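Let's take a walk through a protein model and see how its helices pack and where empty space is left. Have a look at the structure first, then read on.

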Amino acid sequence: MNAIAIPKPLARPHKLRFWPLQIAGWLGYLALYFTAWMGESEPGAWRQFLPVLLANTAFGFVNTSLLRLAYQRIWSLPLPRLGARAAALLLAATLVQGTFYATIKTLTCTGHDCMVHSMLGYLWYYISTLYVLLSWSGLYFGIKLARQSQEQKEAALRATSMAHEA
């Protein structure tokens, strides 16, 4: 007797769930930034920006995949230490991702729409990257906590069921 119905996509092993979500998330990022760029730039300017966006999306995919491995290593720490280390890892990933984006854009984009016109533009790279990686981290930890809670509930139900059978 199972009192908890587990939705089919969540019933799969967690390792199989991560990659479809990771791919879908970064494809969504690519689509969002591409359409925003299309709406803001001169006709045809997207051709110059697209390689930058593709490179940044691929780099983000790798960066968050590595961030996931780092988060897995610290998962069992007490909450205050987990929070502090996760924040440090998030900031490091943000600096790496933001620097990559700023560098690749500076080296490859030459049009007026691609150029950064002030220090505020560079600051925007880092703040927007922090926002994206903070959102990614929140989803990662939220899904991981939900899965852990579900496993604990299922274990308690199994233990209760076995106690009733005994």
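## α3 against α4

The axes of α3 and α4 come within 10 Å of each other and cross at roughly 165 degrees. Angles over 145 degrees count as roughly antiparallel, so α3 is roughly antiparallel to α4. Keep in mind as you look that this is a predicted model.

What is the handedness of the crossing of α3 and α4? That crossing is right-handed. Sort the residues of this contact by class and you get 17 nonpolar, 6 polar and 2 charged.

## α4 against α5

Now move on to the next pair. Here α4 and α5 pack with their axes 8 Å apart, at an angle of about 135 degrees. That angle makes α4 oblique to α5.

The crossing of α4 and α5 is right-handed. As for who takes part, the contact of α4 with α5 has 15 nonpolar, 7 polar and 1 charged residues.

## α3 against α5

One more pair to go. At what angle do the axes of α3 and α5 cross? It's roughly 45 degrees, and the axes come within 11 Å. With that angle, α3 and α5 are therefore oblique to each other. α3 passes α5 in a right-handed crossing.

You can pick out the residues that make this contact. From α3 come Asn63, Thr64, Leu67, Arg68, Tyr71 and Gln72, while α5 brings in Leu133, Trp136, Ser137, Tyr140 and Phe141. Grouped by class, the contact of α3 with α5 has 6 nonpolar, 4 polar and 1 charged residues.

## The closed space: a cavity

Let's turn from the helices to the gaps. How many cavities of 30 Å³ or more does the structure hold? Just 1, and about 130 Å³ of space lies in the largest cavity. Its lining is made of 14 residues, and the closest to the centre are Tyr29, Tyr33, Asn56, Ser128 and Thr129.

The helices you've just met turn up again here: α2, α3, α4 (79-108) and α5 each supply at least two residues of the lining of the largest cavity. The largest share of that lining comes from α5, with 6 residues. By class, the lining of the largest cavity has 10 nonpolar and 4 polar residues, and no charged ones.

## The open space: a pocket

Finally, look for the largest pocket, which holds about 560 Å³ of space. It is lined by 22 residues, and Leu21, Gln22, Trp136, Leu139 and Tyr140 are the closest to its centre. Two of those names should ring a bell: Trp136 and Tyr140 of α5 also take part in the contact with α3.

Which elements give two or more residues to the lining of the largest pocket? They are α2 (14-40), α3 (46-74) and α5 (119-165). Of these, α2 gives the largest share of the lining, 11 residues.

And what about the chemistry of the walls? The lining of the largest pocket has 12 nonpolar, 6 polar and 4 charged residues. Set that beside the lining of the largest cavity, where there are no charged residues.

Terms used:
Residues numbered from 1 in each chain as written. Predicted model: local features only at pLDDT ≥ 70, side-chain atom pairs only at ≥ 80, totals over all residues. Heavy atoms only, no water. 1 Å grid on protein atoms, 1.4 Å probe; cavity = no way out; pocket = protein on both sides within 12 Å on 5 of 7 lines; lining within 4 Å. Points joined across faces, edges and corners; volume = space filled by probe spheres on them. Helix = DSSP H or I, 4+ residues; strand = E, 2+ residues; numbered from the N terminus. Nonpolar A, V, L, I, M, F, W, Y, C, P; charged D, E, K, R; others polar. Axes fitted to C-alpha atoms, helices over the stretch in contact; angles between N-to-C directions. Parallel < 35°, antiparallel > 145°, perpendicular 65-115°, else oblique. Left-handed = near helix turned anticlockwise from the far one by under 90°. Contact = heavy atoms within 4.5 Å.
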